[in-house]
Amino acid sequence: MKKKIALGIAIFSLALTGCAKEQIYSSSPPMQTVSTSSFEVTLEPLKAEGYNYYNRFRYQFTNKTSGDLIIDWSETFYLRNGKKHGHFGWEGLTFEQLREVKEEPDITIAAGKRDAIELFPVRLIGWKEEGVRMKANTPEAGFTLTPLPAGENGMSIAVLKDGKLLRKKIMVNITQD
């Protein structure tokens, strides 16, 4: 009898949890900008389509100099609670390119130009199976973007100007309301 009561309480608790208020995420600030005399970087967490959690960033880089700047993606890192947590990927990368993203070539931004793209932390990629059941982490399985965790999220960007490395951190704080 005690086992049936305990089982009933467990089922009732699960039912209540399923009916609980949906978690809503917010970002403070909603968008962060870091500016130097050479460049400006903006990072904005974006919510997954149809959901209330963040799963990627809108990134914008503006070259404020009269010469080329180079973004070194092999030295640009996703930061989670102040610590390096892998590299970034962006839409359009193939499975193989995602695997090798840490060796991504440098990207040159011409004088006065702006580069904007949606980025996601490679280490937070989830693998999904489509169609026939197959082994995860295969090119056929594909990938999906998982939620950015609560806490500090951001990037440490590496920019080369005249052969000199300039590094800046840009962070937002994601919370669950």
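These are my notes on one strand pairing and the salt bridges in a predicted model.

Entry 1, the β2 and β3 pairing. I looked up how strand β2 (residues 32-35) meets strand β3 (residues 39-47). The two run antiparallel and are joined by four bridges. The connection from β2 to β3 is a hairpin through three residues. For register, I noted that V34 stands opposite V41 in β3.

Entry 2, salt bridges. I searched the whole structure and found three salt bridges.

Entry 3, R58 and E44. Their side chains meet in a salt bridge at 2.8 Å, N to O. R58 sits in strand β4 (residues 54-63) and E44 in strand β3, 14 residues apart. I checked the accessibility of R58: at 38% relative accessibility, R58 is partly exposed.

Entry 4, R56 and E118. I found a salt bridge here too, with the closest N and O atoms 2.8 Å apart. E118 belongs to strand β10 (residues 114-121) and R56 to strand β4, so the pair ties together parts 62 residues apart in sequence. Is R56 buried or exposed? R56 has 14% relative accessibility and therefore counts as buried, the cut-off for buried being under 20%. E118, at 29%, counts as partly exposed.

Entry 5, R167 and E75. The side chains form a salt bridge at 3.6 Å, N to O. I placed R167 in strand β14 (residues 164-176) and E75 in the loop between β5 (69-71) and β6 (77-80); the pair links parts of the chain 92 residues apart. R167 is partly exposed at 35% relative accessible area, and E75 is partly exposed at 34% relative accessibility.

Methods. Residues are numbered from 1 along each chain as its sequence is written. This is a predicted model: local features need pLDDT of at least 70, side-chain atom pairs count only at pLDDT 80 or more; totals for chains, interfaces and linings use all residues. Side-chain values use heavy atoms; hydrogens and water are left out. Two strands pair if DSSP finds at least two bridges between them. Buried means under 20% relative accessible area, exposed over 50%, partly exposed in between (1.4 Å probe, protein chains only).
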